[in-house]
Amino acid sequence: MEKQDIKSLTLAQLTAQFTTLNLPKFRANQVYSWLHDKRVSSFAQMTNLPLALRGQLDGLFYINAVQIRRKLVSRLDGTVKYLYELQDHNCIEAVLMRYHHGNSLCISTQVGCRMGCRFCASTLAGLVRNLTPAEMLDEVYTAQQDSGERVDSLVLMGIGEPLDNLENVLTFLEILSSPQGLNLSLRHVSLSTCGLVDKIHELAQRKLQLTLSVSLHAPNDTIRNLSMPINKRYNIETLLDACRAYFEVTGRRISFEYALLDGVNDAPEHAAELARRLHGMGAHVNLIPVNEVAETGYRRGSRTKIEQFRGQLERLGVNATIRRELGSDIAAACGQLRRQEAAATAEKGDSI
Ligand code: SAH
């Protein structure tokens with residue numbers, strides 16, 4: 001029988017499994033705490049369990065772990081970019097950013113992505129598979145262990161589309177925020193989506209305290225259809241309707257991401273159109289100077305043009321900020337490190 005992934009189980013699921021094994025509930029609590037509080041890597045380390053039980057669990061379950069395959073540290077601001085290797089040798093990325101208010105970690109939710117956004121490096125080779133809850137937890141646990149610092153906030157903005165892996169993401173968040181685990185409040189979590197409308201409605205029903213960020217990147221369907229294939233399934237008005245419904249159900253304001261693509265979506269009339277669209281939503285717009293990815297052909301406009309776009313949105317009553325860039329000497333665009341590694345490994349005749 002194949003061993004089961006014990007780190008992906010919520011406390012309730014673990015307790016239910018232990019019940020079927022005729023093990024008392026307090027044993028599930030102990031094991032959960034070893035996994036998510038003390039964060040051990042083997043059953044042998046669970047020293048308050050009888051030896052026979054440690055052996056029994058080892059026969060039934062495995063404990064997931066990720067390895068740091070590469071690590072780049074910014075000389076400018078201490079940002080750390082991790083390339084993690086999973087147990088099946090696939091690679092993903094996470095980035096630890098240091099702000100005055102604490103450490104923020106950006107994590108991946110899938111190996112690759114199938115959303116096909118034209119400016120994005122993570123989607124170029126398509127989707128390989130979803131990440132498990134344990135793999136997402138290990139992105140956080142490993143960054144904490146390696147840096148010796150606590151992760152204070154989390155953004156689901158690395159490789160992958162979190163709402164395309166919603167069930168695992170929700171389990172991950174439940175474990176992450178559990179008092180017996182890292183106890184991270186979901187108020188300190190942002191989830192970014194390219195706009196899977198049916199999943200936004202589903203997420204709203206959970207009434208979580210997290211911040212939903214929507215990658216809009218265009219003021220109208222003509223432009224969005226060209227850069228984001230998802231727009232052909234759910235157009236902007238359908239997406240904004242879902243955002244308004246999300247706000248109504250959860251009471252949480254939505255934040256919109258808008259990557260400025262030179263000569264594509266950054267003219268004054270685009271700012272005016274965007275402001276009209278978002279009017280009355282109390283939305284916040286996060287302007288992102290686009291990371292240039294060689295394969296995509298999109299270019300970054302001048303700093304002045306970006307400032308002007310922001311100023312115009314503000315004058316039209318839309319709260320907007322320009323994303324501060326951290327680790328510009330190491331980061332490259334999201335998904336680039338994994339691609340570089342895949343290319344290097346392919347040359348050696350291996351695969352990632
Ligand atoms: N799939 C999710 C989350 C991952 S991408 C989403 O689409 O939101 C995180 C953010 O980075 C998204 O807003 C995405 O559109 C943006 N992004 C992707 N490639 C980029 C690039 N080359 N430059 C700037 N932002 C980019």
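**Group meeting: a sheet, a buried helix and some aromatic rings**

Good morning. I begin with one residue: Tyr82 counts as buried, because its relative accessibility is 1%, and the cut-off for that term is under 20%. Please keep in mind throughout that this is a predicted model.

Tyr82 has a partner. Together with Tyr84, Tyr82 forms a stacked aromatic pair, with 5.5 Å centre to centre and 5° between the planes. Tyr84 is buried as well, at a relative accessible area of 0%. The count of aromatic pairs in the model comes to three.

Let me turn to the sheet. Which order do its strands take? The sheet is open, has 10 strands, and follows the order E3-E4-E5-E6-E9-E10-E11-E12-E13-E14, with mixed pairing. At the edges are strand E3, residues 67-73, and strand E14, residues 319-322, each of which pairs on one side only. From one strand to the next, the twist averages 20°. As general background, strands of a sheet pair through backbone hydrogen bonds, either parallel or antiparallel.

Within this sheet, I would draw your attention to strand E5, residues 91-99, and strand E6, residues 102-106. These two strands run antiparallel and are joined by five bridges. Tyr99 stands opposite Gly102 in E6.

A helix also meets the sheet. Helix H5, residues 166-176, lies across strand E9, residues 153-156, and strand E10, residues 189-193. Relative to E9, helix H5 runs at about 180°.

I come now to helix H2, which spans residues 25-36. Its 12 residues reach 17 Å from the first C-alpha to the last, close to the 16 Å expected at 1.5 Å a residue. Why is H2 described as largely enclosed by the rest of the structure? The reason is that nine of its 12 residues are buried. Those buried residues are Arg27, Ala28, Gln30, Val31, Tyr32, Ser33, Trp34, Leu35 and His36. What do they pack against? Their neighbours are helix H1 (11-20), helix H3 (51-60), helix H4 (133-147) and H5, and H5 is the helix that we have just seen lying across E9 and E10.

One of the buried residues of H2, Trp34, brings us back to aromatic rings. The charged end of Lys38 sits over the ring of Trp34, at 4.6 Å from its centre. A further charge is placed over a ring by Arg39, which lies over the face of Tyr141, 5.0 Å from the ring centre.

That concludes my presentation. Thank you for your attention.

Key. Residues numbered from 1 in each chain as written. Predicted model: local features only at pLDDT ≥ 70, side-chain atom pairs only at ≥ 80, totals over all residues. Heavy atoms only, no water. Pairing = 2+ DSSP bridges. Helix = DSSP H or I, 4+ residues; strand = E, 2+ residues; numbered from the N terminus. Axes fitted to C-alpha atoms, helices over the stretch in contact; angles between N-to-C directions. Contact = heavy atoms within 4.5 Å. Expected span 1.5 Å × (residues − 1). Buried < 20%, exposed > 50% of the residue type's maximum accessible area, 1.4 Å probe, protein only. Phe/Tyr/Trp six-rings, centres within 6.5 Å; stacked < 30°, edge-to-face > 60°. Lys NZ or Arg CZ within 6 Å of the ring centre and 35° of its normal.
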